[in-house]
Amino acid sequence: MHAFNNRVVFAILAILVIMLVGLPAVGLAKDADYRLAITKQGFQPQALSIPAGKRVKVMVHNKLALPAEFESYDFTVEKVVPGGTTVPVYIGPLKKGHYKFFNDFAQNMQGKLTVR
């Protein structure tokens, strides 16, 4: 009877391990990462392209000494990025199209998001 219980426990553990290893394959993978820098010249790159219908993480790195505010009225985001730091900004899911974003602390600094 004792050997039977060990086999059952081992089988259950093996099934759990297989299920846990297989989770990313069923759509539970991490958000895609995109990168955007804020520089004296503006956003780098100035245009960013992401897939439609997906939530993405954009790592916004402020290379300036002063804070910046990554903002968009088109896809409703507002995130302060202190000088010299990198912060994650989550965008989407969005429909296909073109969206604008800007630095609210220097509104002449603008960029474009293309959702394909």
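Start by selecting S49 in this predicted model: S49 stands opposite T114, which is in strand β9. Now widen your selection to the two strands. Strand β3 covers residues 47-50, and four bridges join β3 to β9. Follow their directions and you'll see that β3 and β9 run parallel.

Next, add strand β8, residues 97-103. Here seven bridges make the link to β9, and this time the two strands run antiparallel. Look at the turn as well: β8 and β9 form a hairpin, with two residues between them.

Stay at that end and click on A106. Strand β9 spans residues 106-115, and A106 lies in it. Which residue stands opposite A106? That's N103. Is A106 buried or exposed? Its relative accessible area is 23%, so A106 counts as partly exposed, since buried means under 20%. Now pick A68 too: A68 and A106 are 38 residues apart in sequence, but their C-alpha atoms are 7.7 Å apart in space.

Time for some rings. The whole structure has six aromatic pairs. Select F43 and F70 to see one pair: the ring centres are 6.1 Å apart and the planes sit at 85°, so this pair is edge-to-face. The two partners come from distant parts of the chain, with F43 in strand β2 (residues 42-44) and F70 in strand β5 (residues 68-72), 27 residues apart. Switch on the surface and check both: F43 is buried at 2% relative accessible area, and F70 is buried at 1%.

For your last stop, select F43, F70, F75, Y99 and F101 together. Ring pairs link these residues into a cluster.

Conventions
Residues are numbered from 1 along each chain as its sequence is written. This is a predicted model: local features need pLDDT of at least 70, side-chain atom pairs count only at pLDDT 80 or more; totals for chains, interfaces and linings use all residues. Side-chain values use heavy atoms; hydrogens and water are left out. Buried means under 20% relative accessible area, exposed over 50%, partly exposed in between (1.4 Å probe, protein chains only). Rings of Phe, Tyr and Trp (its six-membered ring) pair if their centres lie within 6.5 Å; planes under 30 degrees apart count as stacked, over 60 as edge-to-face and the rest as tilted. Two strands pair if DSSP finds at least two bridges between them.
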